[in-house]
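Here are some short exercises to work through with the structure open beside you. Try each task before reading its solution.

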Amino acid sequence: MNPKLIFLTLAALSLILFLRLTFYFANFQPYPEGYNISFETRVSSQPKVSSRGQQVNLVLPNSQRVSVKFVLNPEISYGDRLKIEGKLKYFEAENGNRILTMIYPEFEVIEKGMESNLMLKVREDIINLFNSSLNPKFSSLILGITFGIKQEIPQDFHDSLEKTGLLHVIAASGMNITMVGGFLMSLFALFLKRQIALVLTILGIFFYAFMAGFEPSIVRASIMGILVFSAQLTGRQSSSFLGLFIAAFIMLFKSPGLIYDIGFQLSFMATLGLIYFRPLFFVNKRLKKMIDRSFIGEDLVTTISAQIFTLPILLVNFGSYSIISIIVNALVLWTVPIIMVIGGISAFAGLIFDPLGYILSYLSIPFLIYFEKTVELFSGSGGGVNLTELPGLLIAGYYLILASVVVYAGRKE
């Protein structure tokens, strides 16, 4: 594609997006603390259900996002349209971010979504299958990875996942899409031609999004991942970046508030890392041979590239970062698609004949044990970086250095 045409396209889209964001934020009015509100909205992700109630993130009329905790009954699900009335309250997180919440508001389901009673029953049967065949720790892990079903997991295991930087795996996050795509690509490339491997990787990402329930964060990450892997068929970084930019442009033009969404930021920057930083590891012939011969080489490169580009976002939003998460991610990454495939086959078989589903689910136990023991082994090793504040100039300087490294290495190549 002509470089001048790419530049003009990017410049025009950037100007349009700048005007859209400027107009949006100039007219944006946040809701004050204690504001009583009545509104209707649609549930865009499957609620997290625990003994304390149902929790889900919703969008208010002014496009603000709010974390809402409902009572257990009536049960709500993805796609439902709700009428809600209650008081808004701001909660200050440990990192200083103010999160808008609603606690046990009055509500009613005025329209059921795409998930019919049959679909709800299927979901319940899948949950019961794994809860019956596996212990709570393994059940929550396989349900989270395979279907994006947010089961309540044991607190000690949750803490271990947080310390090792692996919560994104159990939550079926956008970062997981990036790493699973990299793993599938390296796996298929061992046996197939590059073009066929890329096509199968794209199909694998789509399949993963389907299994995760097409939640908005997963759909956004999948679109970005698929665009990048599709552009690799042409072998041009410029095509990959243009595709990523257009995807981000469409998302932000439709919902400007996404610019503050952590999932969107992580997905965009992780994908950018795959486009520009990952190829640098293959410039040196000796290093390329080492990566190709190593069992986890491709996974490690993919993980490092994604996490280097997302490091400031993780520090700003969570106040801490586990340095060892790069190692742990690489060590357990290869189990994710295996667990996903076993989980999907087991669930499908279990819907037809329960005992068969139970038997097949046992095949996942060795991989789940490996995942658990690896996480627990590294969770007590420390290596965390804790920050109370990260200056904007430091973030800008970090990304300028990254850009300089990419440009210098590209010219040298």
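## Exercise 1: A residue pair in the sheet

Task: find which residue in β7 stands opposite Y90.

Solution. In this predicted model, Y90 faces L100 of β7. Now place that pair in its strands: β7 covers residues 98-103, and β6 pairs with β7 in the antiparallel sense. Their pairing runs over 4 bridges.

## Exercise 2: The whole sheet

Task: work out the order of the 5 strands in the open sheet, and say which strands lie at its edges.

Solution. As background, strands of a sheet pair through backbone hydrogen bonds, either parallel or antiparallel. Here the order reads β2-β3-β4-β7-β6, with mixed pairing. The edge strands are β2 (48-50) and β6 (89-92), each of which pairs on one side only. From one strand to the next, the twist averages 30°.

## Exercise 3: Two helices

Task: decide how helices α14 and α15 are oriented to each other, parallel or antiparallel.

Solution. Start with the axes: those of α14 (residues 335-352) and α15 (residues 354-361) come within 6 Å and cross at roughly 165°. Angles over 145 degrees count as roughly antiparallel, and α14 and α15 are therefore roughly antiparallel to each other. Next, the handedness: this crossing of α14 and α15 is left-handed.

Task: list the residues through which α14 and α15 meet.

Solution. On the α14 side, look for I342, I345, S346, A349, G350 and I352. On the α15 side, they meet D354, L356, G357, L360 and S361. Sorted by class, the contact of α14 with α15 has 6 nonpolar, 4 polar and 1 charged residues.

Conventions: Residues are numbered from 1 along each chain as its sequence is written. This is a predicted model: local features need pLDDT of at least 70, side-chain atom pairs count only at pLDDT 80 or more; totals for chains, interfaces and linings use all residues. Side-chain values use heavy atoms; hydrogens and water are left out. Two strands pair if DSSP finds at least two bridges between them. Axes are lines fitted to C-alpha atoms, for helices over the stretch in contact, and angles run from 0 to 180 degrees between N-to-C directions. Angles under 35 degrees count as roughly parallel, over 145 as roughly antiparallel, 65 to 115 as roughly perpendicular and the rest as oblique. A crossing is left-handed if the near helix is turned anticlockwise from the far one by less than a right angle, and right-handed if clockwise. Contact means heavy atoms within 4.5 Å. Ala, Val, Leu, Ile, Met, Phe, Trp, Tyr, Cys and Pro count as nonpolar, Asp, Glu, Lys and Arg as charged, and the others, Gly among them, as polar.
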